[in-house]
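Please look over the sequence and the structure below before reading on. The report then follows a few of the parts one by one.

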Amino acid sequence: AGSAALAIENSELHKRTEELTTIDELTETFNYRYFVQKLQEEKKRALRYDVPVSIIMVDIDWFKKLNDTYGHEVGNIVLRNLSHVVKKCIRDVDIFARYGGEEFVVILPQPPQIEASQIGERIRDQVEKTIIDAGQAGKLKITVSVGVSSFPENGRSQEELVSVADQALYRAKGSGKNLVCTI
């Protein structure tokens with residue numbers, strides 16, 4: 001019985017350690033390291049089965065100004081709320097990760113670019129409709145800019161897919177923000 005209890009305890013400890021290395025604690029999304037690993041796996045699967053894989057990059061508009069105005073704690077509240085909204089807009093099989101700062105990325109196994117753009121638009125729309133309770137800072141509304149790329153039309157390598165999604169994201173930012181763009 002003692003050995004069994006120790007084995008269960010070790011298993012739970014291993015699981016918790018693994019979570020700590022793959023989960024962004026603030027937003028409860030996967031972290032960048034996990035994103036890179038999963039994108040590589042999904043890209044291999046897409047090649048093997050001749051199916052598309054798409055990426056959606058999401059960036060909060062005017063986030064630096066929000067942090068400068070209200071402080072980093074309110075920024076953290078916004079990041080957590082954004083993560084909850086995005087999770088409601090994607091499928092269980094999609095992989096949602098914090099890319100860095102206020103940028104997030106979603107890997108969509110199998111939808112072609114047109115469907116990925118529709119999901120990106122759903123995310124953009126839901127974020128725009130969300131009112132965030134930021135405590136003493138009051139009720140806040142944010143918007144996001146979204147860039148979409150897909151394999152095979154936007155590149156063969158993981159780096160190309162990420163680069164094209166990033167370029168599309170900056171096109172959305174440069175075209176007035178609160179938009180979904182592809183290249």
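At the start of helix 2, a side-chain oxygen of N31 comes to within 3.3 Å of the backbone nitrogen of R33. Helices here are DSSP runs of H or I with at least four residues, strands are runs of E with at least two, and both are numbered from the N terminus. The model is a predicted one, in which local features need pLDDT of at least 70 and side-chain atom pairs count only at pLDDT 80 or more, whereas totals for chains, interfaces and linings use all residues. Residues are numbered from 1 along each chain as its sequence is written, and side-chain values use heavy atoms, with hydrogens and water left out.

Helix 2 covers residues 32-49, which is 18 residues, and its first and last C-alpha atoms are 26 Å apart, close to the 26 Å expected at 1.5 Å a residue; the expected span is 1.5 Å times one less than the number of residues. Its buried residues are Y34, F35, K38, L39, E42, K43 and A46, where buried means under 20% relative accessible area, exposed means over 50%, and partly exposed lies in between, with a 1.4 Å probe and protein chains only. Seen down the axis of helix 2, these buried residues fall within an arc of 160°, so they line one face of the helix; the arc is that of the directions from the helix axis to the C-beta atoms. The face turned away from the buried side of helix 2 carries the exposed residues R33, K44 and R48. Just after helix 2, D50 takes a positive phi of about 55°.

A similar question can be put to another helix: which residues of helix 3 are buried? In helix 3, residues 63-70, they are F63, L66 and N67, and seen down the axis of helix 3 they fall within an arc of 95°, so they line one face of the helix. On the other side of helix 3, the residues K64, K65, D68 and T69 are exposed.

How do two helices meet? The axes of helix 2 and helix 6 (residues 158-174) come within 10 Å and cross at roughly 115°, the axes being lines fitted to C-alpha atoms over the stretch in contact, with angles from 0 to 180 degrees between N-to-C directions. Helix 2 and helix 6 are therefore roughly perpendicular to each other, a term that covers angles of 65 to 115 degrees.

Three residues outside these helices can be set side by side.

| Residue | Place | Relative accessibility |
|---|---|---|
| D59 | strand 3 (residues 53-60) | 6%, buried |
| P111 | loop between strand 5 (103-109) and helix 5 (113-129) | 3%, buried |
| E153 | loop between strand 8 (144-151) and helix 6 | 47%, partly exposed |

The side chain of D59 is joined to that of K173 by a polar contact of 2.6 Å, that is, a pair of N or O atoms within 3.5 Å, of which, within protein, one must be able to donate a hydrogen and the other to accept it, while residues adjacent in sequence count only if both atoms are side-chain atoms. P111 and V53 are 58 residues apart in sequence, and their C-alpha atoms are 6.2 Å apart in space. For E153 and I142, which are 11 residues apart along the chain, the C-alpha atoms are separated by 31 Å.

As for the chain as a whole, its secondary structure comes to six helices and nine strands, and buried residues make up 44% of its 183 residues.

Definitions and conventions. Angles under 35 degrees count as roughly parallel, over 145 as roughly antiparallel, 65 to 115 as roughly perpendicular and the rest as oblique.
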